[in-house]
Amino acid sequence: MSDNFLSFLSSHSHPQVLAEDLTYGRIPTMEKTIEDPPTSAVLLDHCHFSQVIFNSVEKFYIPGGDVTCRYTFTQNFIPRQKDWIGIFRVGWKTVREYYTFMWVTLPIDLNNKSAKQQEVQFKAYYLPKDDEYYQFCYVDQDGVVRGASIPFQFRPENEEDILVVTTQGEVEEIEQHNKELCKENQELKDSCVSLQKQNSDMQAELQKKQEELETLQSINKKLELKVKEQKDYWETELLQLKEQNQKMSSENEKMGIRVDQLQAQLSTQEKEMEKLVQGDQDKTEQLEHLKKENGHLFLSLTEQRKDQKKLEQTVEEMKQNETTAMKKQQELMDENFDLSRRLSEKKMIYNALQREKERLEGENDLLKRENSRLLSYMGLDFNSLPYQVPTSDEGGAGQNPGLVYGNPYSGIQESSSPSQLSIKKCPICKADDICDHTLEQQQMQALCLNCPICDKIFPATEKQIFEDHVFCHSL
């Protein structure tokens, strides 16, 4: 039995999942259906099996009966509310592999010696039904094993009545093995005492670490509050900075556009400045030249003043002449309008006469054909007649040579047409009558001012320049 317990302690390794409960054929307990016990995946090397000691553990329990588990708390162990005791199959690797469990009842006074002795009772319905080896394990609320019992079985009592026959050699061998086990047990007890001392030291250190942890947790909470406040402050500052950044970006874009405009204005002003500098140089040269001329002009200033009076009289006369010319120009414009109207009327008459001429030519052709027919009927030849149509050189200008009796409208045309000597020909189109070129020339002359000395032409809107120009001829 001790060998099985030692092999159990040495065979624990890594944890397995809770699903193995079904593999081992375990029955879930009523307590488990209400609330699962706290477990963990802590390796068994970190467990403290000597802090809770199980007492009066039988080698086997008869199936169908309740099982009472008795245990004792050591001096340095303090039970907690969620501690529990489970039944585990020997060879388990993690506290999740319990078969069934019961919650631990907390004692009222831990300082009382009787309070150290505790017990729980497992109902027969929830116990295993096979003959495998099991053991009790005390697990705290952190899922750490604090104590483990020796292995036991669930089997009928009659199996103990089987007689085992052994030889003397086997008995001696068993006694020798028992001695070795006792020796090993003593070593384990000594090791247990040492481990208990180490455990008490570790408990004290753990208590100290827990106090430090609580202090650090309080400091951490304060720091978290400060960090949260600082984070909120930073988020507010960040939003303000983002808004300022957006404003600065928009202002930067506006400033960029303004800089481009100013650069364009600057380049334009630089060009204008260059022109002004060039003009200033030219004006400086002109000023030097004018200074030289000023000496000459100063000498002739007296004479110019005398001439000025004469020029003023001349200007007055020119103004009178200008008034007369304006009146004459208005008269010419009226006359030009009248001539244009007469020209349009004559063009209409000309077009009517032209159409009449074409009609008469057609009638003349009909008469000629009729005349030829009559002459041929009379046996006469048209070319042998003594009457000949007069030519244009003999005074028949304007008559059509195809008309036998002449043009009946020739006298009307001669009397109504103006004399050729009285109408000037246009120098552009050589027309005898008034044309568009002649009218444009007259209008240009009416809208322009001609210098009487050098024949230079000025627009009528530049009257002051024209007077200054005429005045300069007298200097």
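**Exercise 1.** In which sense do strand 3 and strand 6 pair, and over how many bridges?

*Solution.* The structure is a predicted model. Begin with the location of the partner: strand 6 spans residues 117–122. Strand 3 pairs with strand 6 in the antiparallel sense, over six bridges. One position illustrates the pairing: Val-67 stands opposite Phe-122 of strand 6.

**Exercise 2.** Describe how strand 1 is joined to strand 3, and state how far strand 3 is covered.

*Solution.* Strand 1 comprises residues 52–55. Four bridges join strand 1 to strand 3, and the two run antiparallel. Within this pairing, Val-52 has Phe-73 in strand 3 as its bridge partner. Turning to coverage, strand 3 occupies residues 67–73 and is mostly covered, with five of its seven residues buried.

**Exercise 3.** Determine whether Phe-154 is buried or exposed, and identify its surroundings.

*Solution.* First, place the residue: Phe-154 belongs to strand 9, residues 153–154. Next, apply the cut-off: a residue counts as buried under 20% relative accessible area. Phe-154 is therefore buried, because its relative accessible area is 3%. Then consider its contacts, leaving aside residues up to four places away in sequence: among them are Tyr-61, Pro-63, Val-67, Leu-127 and Tyr-134. Finally, compare sequence with space: Phe-154 and Pro-63 are 91 residues apart in sequence, while their C-alpha atoms are 5.7 Å apart.

**Exercise 4.** Which residues does the annotation "domain: UBZ1-type" cover, and what is the make-up of that span?

*Solution.* According to the unreviewed UniProt entry, the annotation covers residues 448–473. In the model, this span is 42% helix and 23% strand. Its end C-alpha atoms lie 19 Å apart.

Methods. Residues are numbered from 1 along each chain as its sequence is written. This is a predicted model: local features need pLDDT of at least 70, side-chain atom pairs count only at pLDDT 80 or more; totals for chains, interfaces and linings use all residues. Side-chain values use heavy atoms; hydrogens and water are left out. UniProt positions are given in the numbering used here, feature names are shortened, and annotations may be inferred rather than shown by experiment. Buried means under 20% relative accessible area, exposed over 50%, partly exposed in between (1.4 Å probe, protein chains only). Contact means heavy atoms within 4.5 Å. Two strands pair if DSSP finds at least two bridges between them.
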